[in-house]
Amino acid sequence: MRYELPLSLDAAATVDLFVELSAALSGERSLPSLLGRILSAALRLTGARDGRIYALDVTKQNLLPLAQGPDGQAGPVAIYLGGAPNLTNPYSAAMGRILKVPDIYAYSGFDFADDHARDRRRGSRTGAVMAMPLRDHEGVTVGVLQVADMPDGLLPDRLLSAFASQAAV
């Protein structure tokens, strides 16, 4: 199945995003600013309404938000609740796997209660969610890149992993 870019981006605009981020990696001195740029580019690429970049804390028990999209402030997220990861970002961090949920209302494997409550407050409906582990140069998971509510569906792993690899640097 061929992935179609969001209507707002064409192939040239996608290349421009990657060039812009590659230049930022060598020139940006502020980590929060760089991560914000990476997240913003990931949101533009996917057409997602929201997203976050998290880092694992030193205990490897919590995800700490480093960059956040327009949906507001998130606090630390525990990896394990009741002995297992029950949210998408902790699962991706703990298992080291890409997680794709095409429709959070049709999937019961994770706790989406916070998303459902936010949707009720806004009168909206969150759709697809993707979470991808951020890996360091040794392949160790150091965080998670998450994008949410993509109107055009889920991205191929390779495309999102390119952004995740930049965020992990």
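This passage looks at the aromatic pairs and at helix 2 in a predicted model.

Start with the rings. Searching the whole structure turns up two aromatic pairs. One of them joins Y91 to F110 in an edge-to-face arrangement, with 70 degrees between the planes and 5.3 Å from centre to centre. Y91 sits in helix 3 (residues 88–95), while F110 belongs to the loop between strand 4 (99–101) and helix 4 (113–122), so this contact ties together parts that are 19 residues apart in sequence. Both partners are tucked away from the probe: Y91 has a relative accessible area of 18%, which falls under the 20% cut-off and therefore counts as buried, and F110 is buried too, at 11%.

F110 also pairs with Y107, and here the rings are stacked, with centres 5.8 Å apart and planes at 25 degrees. Y107 is partly exposed, its relative accessible area being 38%. Put together, the ring pairs make a cluster out of Y91, Y107 and F110.

Now for helix 2, which covers residues 31–46. With 16 residues at 1.5 Å each, the expected span is 22 Å, because the count that enters the product is one less than the number of residues. The C-alpha atoms at the two ends are 22 Å apart, so the model agrees with that expectation. Buried positions in this helix include L34, L35, I38 and L39, along with A41, A42, L43, L45 and T46. Just past the end of helix 2 comes G47, whose phi is positive, at about 75 degrees.

Notes
Residues are numbered from 1 along each chain as its sequence is written. This is a predicted model: local features need pLDDT of at least 70, side-chain atom pairs count only at pLDDT 80 or more; totals for chains, interfaces and linings use all residues. Side-chain values use heavy atoms; hydrogens and water are left out. Rings of Phe, Tyr and Trp (its six-membered ring) pair if their centres lie within 6.5 Å; planes under 30 degrees apart count as stacked, over 60 as edge-to-face and the rest as tilted. Helices (H or I, at least four residues) and strands (E, at least two) are DSSP runs, numbered from the N terminus. Buried means under 20% relative accessible area, exposed over 50%, partly exposed in between (1.4 Å probe, protein chains only).
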